[in-house]
Amino acid sequence: MISILFAVLTALSNGCASVLQRRAAMRVPDSAAMRLSLFGRLLRQKVWLAGIGLVVVAAVCQAVALATGPIAVVQPIFVIELPATLLIAGYVMRVRADRALWYGVAAVTVGLALGMASADPVGGSDTVRGAAWIPALVLTGLFEVALIGCALRTRGDVRAALLGLAAACGYALTAALMKDAMARLDDGGAAALLSSWQLYATAAAGVGALFLLQNALQAGSLVAVQPMLTLGDALISIVYGVTLFSEVLRTGWWLLPELVALALIAAGCVRLARTPLAAGTLAPPPAAR
């Protein structure tokens with residue numbers, strides 16, 4: 001229950017952060033795309049700094065969730081971040097949730113419940129054994145290079161979707177590294193944590209994923225980014241959980257309801273990203289003169 005609670009808190013923080021970061025990214029010109037100067041422009045915006053503050057809160061909550069539960073349980077819960085954020089934004093802004101929003105919320109919620117019940121992830125170790133990280137990091141790097149290379153040859157929503165998937169892969173890797181690092185804290189205390197390469201790799205992967213997400217949000221619409229980010233993070237995290245931490249999922253005929261759950265979540269994310277509330281929340285403020 002502790003891992004689920006902190007996973008939900010992580011999703012809420014990340015969802016709000018994405019909204020704030022999207023508002024800031026929309027003010028950045030295309031010439032700054034895929035350049036370090038993008039961060040320089042974003043750092044001058046208070047709304048982006050507020051989003052980063054929420055990212056820090058989310059990171060702390062995620063660390064607690066991963067330290068107390070399997071990665072295949074914790075990461076998929078993050079799919080609720082978009083519907084939760086829109087509902088909170090509607091309450092704060094006193095905007096009534098329309099039927100499309102509730103349909104999207106229902107699709108994501110039912111999809112998550114069906115997926116978790118069908119997959120029923122169990123078991124697994126807290127640490128990665130032996131040299132299993134080597135092939136995992138090599139394959140992840142090749143996948144990221146392929147996605148970024150394809151994204152640089154495209155524009156608009158296609159680039160946003162590809163970079164969103166690349167960011168999702170980065171966040172999934174960050175979660176796997178974080179879980180492995182937190183296990184060192186339990187085994188050997190703070191000294192073991194600070195001396196582990198996983199801790200510093202977690203920071204590097206997190207910064208890289210954040211950079212890719214900013215570029216994805218700047219390149220295209222939330223409709224293109226969010227489904228790839230949400231589903232990509234969940235699915236790639238499950239792959240890490242099974243291959244690195246030996247977590248076990250149901251297979252066989254259970255794959256059918258699992259696929260139905262994925263379809264519901266994807267449809268719900270697209271529906272939510274297209275709602276007037278999402279468009280209003282993410283609309284950029286008037287440019288300063």
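What follows is a conversation about a predicted model of a single chain, taken up through its helices, their packing and its salt bridges.

Visitor: What makes up the chain, and how much of the chain is buried?

Guide: The chain holds twelve helices and zero strands, and buried residues make up 49% of its 289 residues. A residue is called buried here when its relative accessible area is under 20%.

Visitor: Why are α6 and α11 called roughly antiparallel?

Guide: Helix α6, residues 99-119, and helix α11, residues 255-273, pack at an angle of about 155° with their axes 7 Å apart. Angles over 145 degrees count as roughly antiparallel, and therefore α6 is described as roughly antiparallel to α11. The crossing of α6 past α11 is left-handed, and the residues of this contact divide into 17 nonpolar, five polar and two charged.

Visitor: How do you know that the length of α6 agrees with what its 21 residues should span?

Guide: At 1.5 Å a residue, the 21 residues of α6 should span 30 Å, and because its end C-alpha atoms are 30 Å apart, the two values agree. The buried residues of α6 are A100, L101, G104, V105, A107, V108, G111, L112, G115, S118 and A119.

Visitor: What is the outcome when α3 is set against its expected span?

Guide: Helix α3, residues 46-68, has 23 residues that should span 33 Å, and its end C-alpha atoms are 34 Å apart, which agrees. Among the buried residues of α3 are W48, G51, A58 and C61, and Q62, A63, A65 and L66 are buried in α3 as well.

Visitor: What makes D120 and R250 a salt bridge?

Guide: The side chains of D120 and R250 meet at 3.7 Å, N to O, and the cut-off for a salt bridge is within 4 Å, so the pair qualifies. The pair links distant parts of the chain, with D120 in the loop between α6 and α7 and R250 in the loop between α10 and α11, 130 residues apart. D120 follows α6 and has a positive phi, near 45°.

Visitor: Why are D120 and R250 each called partly exposed?

Guide: Partly exposed covers the range between the buried limit of under 20% and the exposed limit of over 50%. D120 counts as partly exposed because its relative accessibility is 34%, and R250 counts as partly exposed because its relative accessibility is 30%.

Visitor: Which residue in the loop between α10 and α11 has a positive phi although it is not a glycine?

Guide: S246 lies in the loop between α10 and α11, and this residue has a positive phi of about 60° although it is not a glycine.

Visitor: How many salt bridges does a search of the whole structure find, and what places R184 and D180 among them?

Guide: The search finds two salt bridges. In the pair of R184 with D180, the closest N and O atoms are 2.3 Å apart, which satisfies the requirement of within 4 Å. Both residues lie in helix α8, residues 156-194, four residues apart, about one turn of the helix. An α-helix has 3.6 residues a turn, so residues three or four places apart point the same way.

Visitor: Is D180 buried or exposed, and how is R184 classed?

Guide: D180 is buried because its relative accessible area is 0%, whereas R184, at 24% relative accessibility, counts as partly exposed.

Visitor: How do you know the way in which α8 and α9 run relative to each other?

Guide: The axes of α8 and helix α9, residues 197-219, come within 7 Å and cross at roughly 160°. Since roughly antiparallel means an angle over 145 degrees, α8 and α9 are therefore roughly antiparallel to each other. Their crossing is left-handed, and by class the contact has 22 nonpolar, eight polar and three charged residues.

Visitor: Why are α7 and α9 described as roughly parallel?

Guide: α7 and α9 pack at an angle of about 15°, with their axes 14 Å apart. Angles under 35 degrees count as roughly parallel, and α7 and α9 are therefore roughly parallel to each other. α7 passes α9 in a left-handed crossing.

Visitor: Why does V225 count as buried, and what separates V225 from R159?

Guide: V225, in helix α10, counts as buried because its relative accessibility is 1%. The C-alpha atoms of V225 and R159 are separated by 9.1 Å, and these residues are 66 residues apart along the chain.

Key. Residues numbered from 1 in each chain as written. Predicted model: local features only at pLDDT ≥ 70, side-chain atom pairs only at ≥ 80, totals over all residues. Heavy atoms only, no water. Axes fitted to C-alpha atoms, helices over the stretch in contact; angles between N-to-C directions. Helix = DSSP H or I, 4+ residues; strand = E, 2+ residues; numbered from the N terminus. Parallel < 35°, antiparallel > 145°, perpendicular 65-115°, else oblique. Left-handed = near helix turned anticlockwise from the far one by under 90°. Nonpolar A, V, L, I, M, F, W, Y, C, P; charged D, E, K, R; others polar. Expected span 1.5 Å × (residues − 1). Buried < 20%, exposed > 50% of the residue type's maximum accessible area, 1.4 Å probe, protein only.
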